[in-house]
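Let's walk through this structure together, one stop at a time. Keep the 3D view open and turn it as you read.

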Amino acid sequence: MSFKTEYMKDLMTRVEKNHPAEPEFHQAVKEVLLCMESVAERNPKYVEAGIFERIVEPERAIMFRVSWVDDAGKVQVNRGYRVQFNSAIGPYKGGLRLHPSVNLGVIKFLGFEQIFKNSLTGLPMGGGKGGSDFDPKGKSDGEIMRFCQSFMTELAKHIGADTDVPAGDIGVGAREIGYLFGQYKRLRNEFTGVLTGKGLSYGGSLVRTQATGYGLCYFTQEMLATKNDSFQDKTVVISGSGNVAIYAAEKATQLGGKVVALSDSNGYIYDPNGIDLAAVKEIKEVKRLRIKEYIENHPHAEYHEGCKGIWNIKCDIALPCATQNELDGESAQTLVANGVIAVAEGANMPSTPDAVDTFQAAGVLFAPGKASNAGGVATSGLEMSQNSMRYSWTSEEVDAKLKDIMKHIHTTCKQAATEYGEPNNYVLGANIGGFLKVAEAMYAQGVAY
Ligand code: NDP
């Protein structure tokens, strides 16, 4: 896809020049700006107020040294990031990622996406994201704790329950959030809802662990319902085997689907009988081992090295839930040739632009992550509300709210896409639906930042 107007084309060129060597950030911005051409045409006031120029520039980007001591007594140094992208509609909100592939461009892309995602939830949350190039794989609990404490020693200066509220992402689950929260409390001497994804014994919300995966399936269900279809008896392929993938698999199964494959960054498992999720949880959540362990106790299942092959498995529904750009144009063509009817992104930007074009051209129901994986941050928003009220809702209450929010996001996407002339284009709908609220808030607040 290419730009039709000089205005957006020039803005994109400026982003590429001002943020060099950040391909993921450029990719995320381009997708949004391509959807903004008709918005700019219909709303000249946003052009006059420089909304588009401002929304692609982070309000603040913090980069810091994280030193910690490993189990051998050696000093290790990593780099930490927090990009506070946009606070027009609420405190910055977005996860922390710990993975060796993290750099400033990756965090900017994630923070930028978060602006629109958070807006779509209807909750008052701005966009931000953070993380480090620290690799948690193979580290002891003590090493993880010392890293998290050092990371928070700097991060604590920049966050707060009404300023910026981080959460988990790749490599950051309940264990890491616990260490981060403990250190924040120690430094500030205050018990506030400064992080979400907390343990239930110290302010966490029920259903937060499950929320992204469950929400993804609720959104997919809404898309399928537009074609009078459902998960019932569908074959489902899910990439990844982390937090999002596991709970997407759980909900897809509860809704009548059969999940036949999961993966990690080394390879994928295929179980034609349907994945035994209790075994996967034991391997990944309890023992923190590799997914290939699965075949030890499931000899009829297969393990294949490499991640990409998972998309060659014939399925009706594909849910990419691992990482960015994991599903390319070639894999998309294979999925289409094998009759896929719906693809919904659990990860952030897992489909390359070529893959998205392929799905849309083939009439596949395609949900972009900023809409379909928003259930995680939405439930984080619910955790913030419960913390402010010093009150806890039941699982049923949180799950019902999550379902309502995913339904609302689906409706918002559909309405915006219809209003802009492409009713089946969820990418257009999500970008415009998410943008308009933020743009109005930025417009109302004047040109102060
Ligand atoms: P986890 O760390 O729990 O799991 C990540 C999974 O993806 C693991 O199976 C991991 O395999 C795999 N993976 C990670 N990096 C790569 C890579 N470079 N290549 C192939 N596989 C990889 O993370 P989450 O489940 O929390 O996050 C997954 C995706 O969902 C991310 O894109 C994240 O941004 C997005 N997301 C997460 C939300 C949440 O609430 N957690 C909310 C919204 C979006 P391995 O173990 O081998 O590294």
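Start at the ligand: 26 residues surround it, and D169, T212, S265, R290 and N348 come nearest. Here a residue is near a molecule if one of its heavy atoms lies within 4 Å of it. Before going on, you should know that this is a predicted model, so local features need pLDDT of at least 70 and side-chain atom pairs count only at pLDDT 80 or more, while totals for chains, interfaces and linings use all residues. Residues are numbered from 1 along each chain as its sequence is written, and side-chain values use heavy atoms, with hydrogens and water left out.

What sort of residues make up the shell around the ligand? Five are nonpolar, 13 are polar and eight are charged. In this scheme Ala, Val, Leu, Ile, Met, Phe, Trp, Tyr, Cys and Pro are nonpolar, Asp, Glu, Lys and Arg are charged, and the others, Gly among them, are polar.

Now zoom in on some atom pairs. A polar side-chain atom of S265 sits 2.4 Å from a ligand oxygen. For T212, an N or O atom of the side chain is 2.7 Å from an oxygen of the ligand, and for K137 a polar side-chain atom lies 3.0 Å from a ligand oxygen. On its own the ligand would expose 890 Å², and the protein buries 85% of that (areas by the Shrake-Rupley method with a 1.4 Å probe; for residues, only the protein chains shown count as cover). Two elements, α8 (208-225) and α9 (243-254), give two or more residues each to the shell. Helices (H or I, at least four residues) and strands (E, at least two) are DSSP runs, numbered from the N terminus.

Next stop: helix α10, residues 277-286. Which of its residues are buried? They are L277, A279, V280, I283 and K284, where buried means under 20% relative accessible area, exposed over 50%, and partly exposed in between (1.4 Å probe, protein chains only). Looking down the axis of α10, you'd find these buried residues within an arc of 155 degrees, so they line one face of the helix; the arc is that of the directions from the helix axis to the C-beta atoms. The general rule behind such a pattern is that an α-helix has 3.6 residues a turn, so residues three or four places apart point the same way.

The buried residues of α10 pack against α9, β7 (258-263) and α11 (294-297), with contact meaning heavy atoms within 4.5 Å. On the face turned away from the buried side you'll see the exposed residues A278 and V286. At the N-terminal end, D276 acts as a cap for α10, with a side-chain oxygen 3.3 Å from the backbone nitrogen of A278. After α10 comes R288, whose phi is positive, near 55 degrees.

Just before that helix, look at G274, in the loop between β8 (267-270) and α10. G274 is buried, at 17% relative accessible area. Leaving aside neighbours within four places in sequence, G274 is in contact with K258, V259 and Y294.

Last, a backbone detail. Most residues other than glycine have a negative phi. A21 is not a glycine, yet its phi is positive, about 60 degrees. You'll find A21 in the loop between α1 (6-18) and α2 (23-42), exposed at 74% relative accessible area. N228 also has a positive phi, near 55 degrees; it lies in the loop between α8 and β6 (235-239) and is exposed, at 75% relative accessibility.

How values were computed:
Polar contact = N/O pair within 3.5 Å; in protein donor to acceptor, adjacent residues only side chain to side chain.
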